[in-house]
Amino acid sequence: MKKTVNRFPATSGPNCLSATLYAITAIEWHKNEWLHEEPFQTALAINHYKEHLHNEIKPTDVLIWRNEEGAIIHASYCVSHQLFFNKNGQTLFHPWKLVSLSSLEKLWGQHYVVYRKENL
């Protein structure tokens with residue numbers, strides 16, 4: 001992930017869901033794809049991520065913001081207690097960045113769901 005932070009994609013298309021999946025899996029090609037909500041939710045399940053009922057956030061958690069209809073509008077991956085791997089937008093002018101929770105909350109709101117990888 002280090003070599004991706006503060007970099008711009010070569011083409012438009014990669015979105016927050018693909019960036020989050022890349023952070024979860026470390027599979028390089030994921031970060032360059034445009035990813036829809038349903039495959040993203042399937043990938044979360046395959047990688048043993050489930051909704052966590054408490055709002056405490058730990059490294060490797062995924063935060064998901066939804067609209068009023070329940071559709072995912074944004075996702076981000078917790079790298080540390082203070083930083084999140086994030087991509088806002090899907091154009092080549094939107095870099096992958098490390099951002100704070102407060103920055104995410106300013107853009108996407110304070111109502112998000114925490115997904116955590118289950119210990120198997």
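**Group meeting: a single protein chain and its two nonpolar cores**

From the N terminus on, the chain reads α-α-β-β-β-β-β-α-β. That is three helices and six strands. Before anything else, a caution: this is a predicted model.

Some overall numbers to begin with. The chain has 120 residues, and 41% of them count as buried. The accessible surface comes to about 7100 Å², with 54% of that belonging to carbon and sulfur atoms. For contacts with a separation of 6 or more, residues 24 or more positions apart account for 54%.

I will spend most of the time on helix α1, which covers residues 16-25. How many of its ten residues are buried? Nine of the ten are, so the helix is mostly covered, taking buried as under 20% relative accessible area. The buried ones are C16, L17, S18, A19, T20, L21, Y22, A23 and I24. As background, an α-helix has 3.6 residues a turn, so residues three or four places apart point the same way.

What do the buried residues of α1 pack against? On the helical side, the partner is α2, residues 37-46. On the strand side, the partners are β1 (49-52), β2 (62-66), β3 (72-78), β4 (84-87) and β5.

Two residues of α1 can be taken one at a time. C16 counts as buried because its relative accessibility is 9%, under the 20% limit. S18, also in helix α1, is buried because its relative accessibility is 1%. Leaving aside residues up to four places away in sequence, S18 touches H30, K31, E33 and L35.

Now the flanks of this helix. In the segment before α1 there is P14, which is buried, with a relative accessible area of 1%. P14 and Q90 are 76 residues apart in sequence, yet their C-alpha atoms are 5.2 Å apart in space. Just after α1, A26 takes a positive phi of about 65 degrees.

Next, the interior. The largest nonpolar core has 20 residues, and F40, L44, V62 and I64 are those with the most contacts inside it. At least two residues of this core come from each of α1, α2, β2 and β3. Which element gives the largest share? Helix α1 does, with seven residues. Take F40 as an example of the contacts: beyond residues up to four places away in sequence, F40 touches L17, T20, L21, L35, V62, I64, I72 and A75. Of these, L17, T20 and L21 are among the buried residues of α1 listed earlier.

Apart from that core lies another, of nine residues, including L63, W65, C78 and V99. C78 is buried, at a relative accessible area of 1%. Since I have now named cysteines twice, I should add that a search of the whole structure finds zero disulfides.

Last, the outside. V79, L83 and L98 make a nonpolar surface patch of about 200 Å². Where is L98 found? L98 is in strand β5, residues 96-99. With a relative accessible area of 34%, L98 is partly exposed, because that value falls between the 20% and 50% limits.

To recap: α1 is mostly covered, and α1 supplies the largest share of the 20-residue core, seven residues. A separate core of nine residues includes C78, while V79, L83 and L98 form a nonpolar patch on the surface. That is what I have from the predicted model.

Technical notes. Residues numbered from 1 in each chain as written. Predicted model: local features only at pLDDT ≥ 70, side-chain atom pairs only at ≥ 80, totals over all residues. Heavy atoms only, no water. Helix = DSSP H or I, 4+ residues; strand = E, 2+ residues; numbered from the N terminus. Buried < 20%, exposed > 50% of the residue type's maximum accessible area, 1.4 Å probe, protein only. Contact = heavy atoms within 4.5 Å. Areas by Shrake-Rupley, 256 points an atom, 1.4 Å probe, with all protein chains shown as cover. Disulfide = S-S within 2.5 Å. Patch = residues over 30% accessible without salt bridge, like charges linked within 9 Å, V, L, I, M, F, W, Y side chains within 5 Å. Salt bridge = Lys/Arg side-chain N within 4 Å of Asp/Glu carboxyl O. Core = buried A, V, L, I, M, F, W, Y, C linked by side-chain atoms within 4.5 Å.
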